Amino acid sequence: MLRIAVPNKGMLSEPAWNMLSEAGYRLRSNPRQLVVEDPDNEIELFYLRPIDIAVYVGRGTVDVGVTGRDLLLNSGTKAVEHLQLGFGASTFRFAAPNESGIEDLADIDGKRVASSFDKLVDDYLKEHGIHADIIHLDGAVESSVHLGVADLIADVVSTGTTLRNAGLRIFADPILHSEAILIRSPRISIEDERLIVLSRRLQGVLTAQRYVLMDYDIPVSKVAIAVGITPGFESPTVSSLHDKQWAAVRAMVPKQQVNNLMDRLYEIGARAIIVTALQASRM
């Protein structure tokens with residue numbers, strides 16, 4: 001069986017569970033269940049703390065896992081990023097007090113930096129020739145400057161509101177752009193058929209989330225223009241209608257562009273434009 005680790009809790013947990021469910025895998029039936037066997041799909045699912053998943057995968061006790069890129073890099077394990085999963089996006093940034101003279105990366109040299117991701121931050125600074133005292137904190141790091149523990153912080157930033165409320169401002173380039181990823185153990189081959197099936201299923205879910213199916217009727221004289229607007233993947237399906245002056249076109253299009261594409265198609269004469277959600281796909 002392929003052993004898969006997923007977050008037991010946290011912001012990555014529910015999207016990860018939903019993705020696996022949509023990929024056809026069995027999930028737990030109650031929140032206290034930590035191990036689920038799915039013999040039909042030849043997998044064993046383990047619900048673990050997000051911070052521990054990279055460790056289990058890196059040591060090979062679990063074959064693959066869903067975690068954040070930041071957690072993987074901070075773990076220092078030999079687990080390998082295998083597939084981007086398209087959710088849980090975040091940015092890791094430095095922030096310093098508004099009144100401080102810390103303006104760029106060079107100003108961090110010799111300072112105290114508070115972070116929950118001490119290895120990630122230390123590796124980044126050393127890579128840029130900067131030496132600092134990295135102070136590990138498990139909780140919210142925003143208060144560390146006010147309490148005199150650190151001179152600045154390195155933390156995950158979404159809107160920046162929490163930092164501003166703490167009297168901090170973001171500076172320098174992002175340390176890391178993180179998101180949910182599928183990681184694999186160095187002990188499992190990238191050619192392993194079980195891993196290939198899992199990857200194909202997850203990619204199918206991602207495609208179904210990002211694309212929709214668009215059908216429309218178009219005058220035959222405008223088919224070439226319409227196909228240029230909705231080229232689909234390999235090529236759209238074009239069928240003849242009872243009225244030989246018209247054709248029916250079916251193509252997959254990016255979900256975020258749906259309304260713009262419908263407007264453009266309507267302008268060139270397309271009618272009966274219908275959009276259908278995708279449940280699953282194999283590309």
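In this predicted model, Val238 stands opposite Val249 in β14, and Tyr216 likewise stands opposite Val249 in that strand. From this starting point the briefing turns to the strands around β14, then to a separate open sheet of 5 strands, and finally to helix α1, which spans residues 13-22.

**Strands around β14**

- Strand β13, made of residues 237-240, runs antiparallel to β14 and is joined to it by 4 bridges, and these two strands form a hairpin that has 5 residues between them.
- Strand β12 (residues 211-219) also pairs with β14 (residues 246-254), in the antiparallel sense and over 9 bridges.
- Val249 of β14 therefore has a residue opposite it in each of two settings, since Tyr216 stands opposite Val249 and Val238 stands opposite Val249 as well.

**The open sheet**

- The 5 strands of this open sheet follow the order β8-β7-β9-β6-β10, and their pairing is mixed.
- Because β8 (133-136) and β10 (168-178) stand at the edges and each has a single partner strand, one side of each is left without a neighbour in the sheet.
- Neighbouring strands of the sheet are turned against each other by 25° on average, when direction is ignored.
- Within this sheet, strand β6 (residues 90-97) pairs with strand β9 (residues 152-157) in the antiparallel sense over 5 bridges, and Ala95 stands opposite Ile153 in β9.
- In a regular strand, the side chains alternate between the two faces of the sheet.

**Helix α1 and its surroundings**

- The buried residues of helix α1 are Ser13, Ala16, Met19 and Leu20.
- Seen down the axis of α1, these buried residues fall within an arc of 135°, so they line one face of the helix.
- The buried residues of α1 pack against three strands and a helix, namely β1 (2-7), β3 (43-48), β4 (64-68) and α7 (193-210).
- After α1 comes Gly24, whose phi is positive, near 95°.

**The contact between α1 and α7**

- The axes of α1 and α7 come within 9 Å and cross at roughly 105°, which means that α1 is roughly perpendicular to α7.
- On the α1 side the contact is made by Met19, Leu20 and Glu22, while on the α7 side it is made by Leu198, Leu202, Val205, Leu206 and Gln209.
- Sorted by class, the contact of α1 with α7 has 6 nonpolar, 1 polar and 1 charged residues.
- Met19 and Leu20 are among the buried residues of α1, and both take part in the contact with α7.

Note on methods. Residues are numbered from 1 along each chain as its sequence is written. This is a predicted model: local features need pLDDT of at least 70, side-chain atom pairs count only at pLDDT 80 or more; totals for chains, interfaces and linings use all residues. Side-chain values use heavy atoms; hydrogens and water are left out. Two strands pair if DSSP finds at least two bridges between them. Axes are lines fitted to C-alpha atoms, for helices over the stretch in contact, and angles run from 0 to 180 degrees between N-to-C directions. Buried means under 20% relative accessible area, exposed over 50%, partly exposed in between (1.4 Å probe, protein chains only). The arc is that of the directions from the helix axis to the C-beta atoms. Contact means heavy atoms within 4.5 Å. Angles under 35 degrees count as roughly parallel, over 145 as roughly antiparallel, 65 to 115 as roughly perpendicular and the rest as oblique. Ala, Val, Leu, Ile, Met, Phe, Trp, Tyr, Cys and Pro count as nonpolar, Asp, Glu, Lys and Arg as charged, and the others, Gly among them, as polar.
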